[in-house]
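Student: Please take a close look at one part of this structure, the place where two helices pack, and set it in the context of the chain.

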Amino acid sequence: MSDNMSSVKKILLVEDDRQLSDLVTDFLTTEGFHVKQEFRGDTAAKRVESFTPDLIILDVMLPGKDGFAVCRDVRATYNGPILMLTAKGTDFDQVLGLEIGADDYVIKPVEPRVLLARVNALLRRGELATDTKDKEVLNIGELYINRGSRQVTLHEESIELTSQEFDLLWLLASRAGEVQNRDYIYKAVVGREYDGMDRSVDVRISRLRKKLHDSNDTPFRIKTIWGQGYLFVPDAWN
């Protein structure tokens with residue numbers, strides 16, 4: 001094994017179509033990634049634990065356990081990005097996927113360059129957030145956010161967030177008291193232009209509110225400013 005192996009990003013590909021799995025593995029390997037394959041949903045969680053990937057590519061339709069159930073299971077201990085694969089022509093429940101912790105999705109048949117762009121975007125955000133040269137901490141009332149360790153506590157309670165939930169919270173909290181519009185949030189957190197239809201930012205705001213003991217009906221910590229965007233209220237964390 002090369003001395004540089006530790007710097008190579010590890011990807012776990014959970015896909016039961018072996019031909020597709022081999023093609024994706026070969027492509028990502030030529031792009032410099034270390035890829036492991038898993039073909040069943042009911043054994044995926046154990047492979048995540050043993051392999052500790054930097055990113056998971058997860059098919060929705062799997063034998064043993066579907067991708068939604070796998071995503072829900074691994075999110076209990078895994079905070080890295082999860083990219084889901086869904087068959088073209090099927091109704092992928094984007095809201096469900098996001099609510100259980102997926103970060104993004106790609107429609108099959110997989111276009112290699114699209115997949116690579118999504119993988120790189122997800123990994124790049126993680127690297128920017130964990131840059132050891134820029135370990136920043138925010139203390140807002142009883143809310144503590146450590147950008148270096150990606151730890152969040154509220155009233156000394158540890159708050160477990162996915163990678164994109166953390167990025168979204170950091171973006172809002174670091175601009176407390178300023179309204180952030182959806183287009184800007186979408187580009188900064190999801191990594192591409194807002195198409196006017198995607199609900200991922202709204203779903204993640206909803207998840208953040210639940211985890212941070214806010215209300216989605218009458219939010220007081222992360223407010224919706226209709227027609228403008230979202231506002232992190234700086235004096236609502238005591």
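Tutor: The answer goes from the chain as a whole to the helix pair.
The model is predicted, so local features need pLDDT of at least 70, side-chain atom pairs count only at pLDDT 80 or more, and totals for chains, interfaces and linings use all residues. Residues are numbered from 1 along each chain as its sequence is written, and side-chain values use heavy atoms, with hydrogens and water left out.
The protein chain has eight helices and 12 strands; helices (H or I, at least four residues) and strands (E, at least two) are DSSP runs numbered from the N terminus. Of its 238 residues, 48% are buried, that is, under 20% relative accessible area with a 1.4 Å probe, protein chains only.
Two packed helices are described by the angle between their axes and the distance between the axes. For helix 6 (residues 163-173) and helix 8 (residues 200-211), the angle is about 85° and the axes lie 10 Å apart. The axes are lines fitted to C-alpha atoms over the stretch in contact, and angles run from 0 to 180 degrees between N-to-C directions. Helix 6 and helix 8 are therefore roughly perpendicular, a term for angles of 65 to 115 degrees.
On the helix 6 side, the residues in contact are Gln 164, Glu 165, Leu 168, Leu 169 and Leu 172. Helix 8 meets them with Val 201, Arg 204, Ile 205, Arg 207, Leu 208 and Lys 211, where contact means heavy atoms within 4.5 Å. By class, six of these residues are nonpolar, one is polar and four are charged; Val, Leu and Ile are among those counted as nonpolar, Glu, Lys and Arg among the charged.

Definitions and conventions
Buried < 20%, exposed > 50% of the residue type's maximum accessible area, 1.4 Å probe, protein only. Parallel < 35°, antiparallel > 145°, perpendicular 65-115°, else oblique.
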